[in-house]
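Hello,

Here is the structure I promised to pass on. Please have it open while you read the notes below.

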Amino acid sequence: MLTIEDIVAIRSAEEFERCALELFRFQAERCRPYRHYLELLGVDAEAVTKVEDIPFMPIELFKTEEVYCGEGEPEVVFTSSNTGSTVASRHFMASLATYRRAFTEAFRLFYGEPSKWSIYGLLPNYLEREGSSLVYMVDRLIAEAGSGGFYLHDYKQLIADMEADPKPKILLGVSYALWDLAEQYAPKFRDTVVMETGGMKGRRAEISKAEFHAILTEGFGVERIASEYGMAELTSQAYSEGEGLFKSPPWMRVLVRDVNDPFDHSHTLRRGGIDIIDLANLSSCAFIQTQDLGEVYEDGSFRVVGRITGSDIRGCNLLVHNLL
């Protein structure tokens with residue numbers, strides 16, 4: 001059986017393919033909702049020999065089913081943010097250690113050791129509810145960094161602490177709170193990566209990512225705005241250094257499907273519904289059909305450009321529909 005150490009050690013396409021097929025066969029047998037979905041499709045898991053032939057499970061099943069294939073009871077159940085009118089997704093995880101290993105290793109790949117940073121979390125709506133995987137991740141990264149902290153609504157204290165901090169800093173915030181901070185105080189940060197994680201949550205006007213990032217760059221005096229792409233149903237995160245272009249860790253792959261045919265992942269497609277393989281989802285389902293719209297490029301990088309019409313508006317993914 002695959003372990004998280006096997007997953008975070010992946011560095012080649014060949015290793016990814018081998019692990020993906022092994023995990024698919026395991027989850028096709030052990031994860032009841034996924035097994036039932038494959039049965040409805042008439043898919044024989046043993047006959048699937050290529051990663052591109054693996055079906056992706058609709059993400060909505062995390063709302064209605066116990067998507068779990070771990071040994072024993074799950075150690076934690078993370079839940080999605082929502083607007084109050086939608087049902088939250090539940091992600092049953094067998095091991096918090098697996099989650100910590102995945103997000104820490106992903107952070108190291110993109111930003112180096114957490115200890116070289118001070119990490120500041122501006123996540124008010126996430127802190128005000130229970131079950132947020134994002135809060136857990138940032139809390140552990142702050143602990144490993146050894147400096148920084150969470151701030152709820154005390155923007156003045158946040159600014160004072162960051163200005164007095166000599167270390168390089170990451171300010172990771174929900175979108176509407178970063179906008180509030182930039183608009184009300186316009187602090188000019190030095191040696192700081194400003195990283196947004198989505199989440200207007202209906203509190204601000206819906207504008208394009210480019211417009212939003214322009215507001216933040218001017219307000220904070222930085223050259224670009226970084227982003228984090230994750231969700232409660234995933235164990236891993238993708239990161240953008242700027243302009244909304246995300247890159248995934250080697251054990252995570254993003255594809256696009258035809259919005260009218262969820263089983264079409266033609267190589268000629270560049271834009272469509274986002275499907276994700278997250279091999280760190282060892283105890284749930286690693287093959288997820290999301291309701292995000294995106295573009296995927298030849299090097300595996302991707303952009304999120306909106307939501308599929310009629311899908312739930314999620315607190316962590318309230319993105320403007322700006323398809324051309």
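I start with one residue in the model, which is a predicted one. Setting aside residues up to four places away in sequence, Glu105 touches Val8, Arg11 and Trp251. Glu105 sits in helix H5, residues 96–111. Its relative accessibility is 13%, so Glu105 counts as buried; the cut-off for that is under 20%.

**The chain overall**

The chain holds ten helices and 14 strands. Its radius of gyration is 19 Å, close to the 20 Å that the globule rule gives for 324 residues, so the chain is as compact as a globular protein of that length. Along the principal axes, the C-alpha trace spans about 60 × 40 × 35 Å. Of the 324 residues, 55% are buried. Take the contacts with a separation of 6 or more: 63% of them join residues 24 or more positions apart. The exposed area is about 14,100 Å², and carbon and sulfur atoms supply 49% of that.

**Helix H10**

Does the length of this helix make sense, and what should we compare? H10 has twelve residues, 209–220, and at 1.5 Å a residue it should span 16 Å. The expected span counts one less than the number of residues. The end C-alpha atoms of H10 are 16 Å apart, so the model agrees with the expected span.

Which residues of H10 are buried? They are Phe212, His213, Leu216, Thr217, Gly219 and Phe220. Seen down the axis of H10, these residues fall within an arc of 170 degrees, so they line one face of the helix. Ala210 and Glu218, on the other side of H10, are exposed. The buried residues pack against three elements: helix H9 (175–184), strand E7 (192–196) and strand E8 (226–229). After H10 comes Gly221, with a positive phi near 70 degrees.

**Helix H8**

H8 covers residues 155–164. Tyr155, Leu158, Ile159 and Met162 are its buried residues. Down the axis of H8 they fall within an arc of 95 degrees, so they line one face of the helix. Lys156 and Ala164 are exposed on the other side of H8. What do the buried residues of H8 pack against? The partners are strand E4 (118–122), strand E6 (169–173), H9 and E7. H9 and E7 are also packing partners of the buried residues of H10.

**Strand E13**

Two residues here deserve a look. Asp292 is in strand E13, residues 287–296. Is Asp292 buried or exposed? Its relative accessibility is 0%, so Asp292 counts as buried. The side chain of Asp292 makes a polar contact of 2.8 Å with the side chain of Tyr229. A polar contact of 2.9 Å joins the Asp292 side chain to that of Arg307. Tyr229 belongs to the residue range of E8 (226–229).

Val296 is in strand E13 as well. With a relative accessible area of 14%, Val296 is buried. Which residues does Val296 touch, not counting those up to four places away in sequence? They are Val254, Leu255, Val256, Arg270, Ser301 and Phe302. Val296 and Asp6 are 290 residues apart along the chain, and their C-alpha atoms are separated by 26 Å.

**Positive phi outside glycine**

Two loop residues to check in your own backbone plot. Asp191 has a phi near 50 degrees, a positive value in a residue other than glycine. Asp191 is in the loop between H9 and E7. Its relative accessibility is 58%, so Asp191 counts as exposed; exposed means over 50%.

Glu243 is not a glycine, yet its phi is positive, about 60 degrees. Where does Glu243 lie? Glu243 is in the loop between strand E9 (238–240) and strand E10 (246–247). Glu243 is exposed, with a relative accessible area of 66%.

**In short**

H10 and H8 each have buried residues that line one face of the helix. Asp292 is buried, and its side chain has polar contacts with those of Tyr229 and Arg307. Asp191 and Glu243 have positive phi without being glycine.

Over to you.

Best wishes

Conventions
Residues numbered from 1 in each chain as written. Predicted model: local features only at pLDDT ≥ 70, side-chain atom pairs only at ≥ 80, totals over all residues. Heavy atoms only, no water. Helix = DSSP H or I, 4+ residues; strand = E, 2+ residues; numbered from the N terminus. Buried < 20%, exposed > 50% of the residue type's maximum accessible area, 1.4 Å probe, protein only. Arc of directions from axis to C-beta. Contact = heavy atoms within 4.5 Å. Polar contact = N/O pair within 3.5 Å; in protein donor to acceptor, adjacent residues only side chain to side chain. Rg over C-alpha atoms; globule rule 2.2 N^0.38 Å. Areas by Shrake-Rupley, 256 points an atom, 1.4 Å probe, with all protein chains shown as cover.
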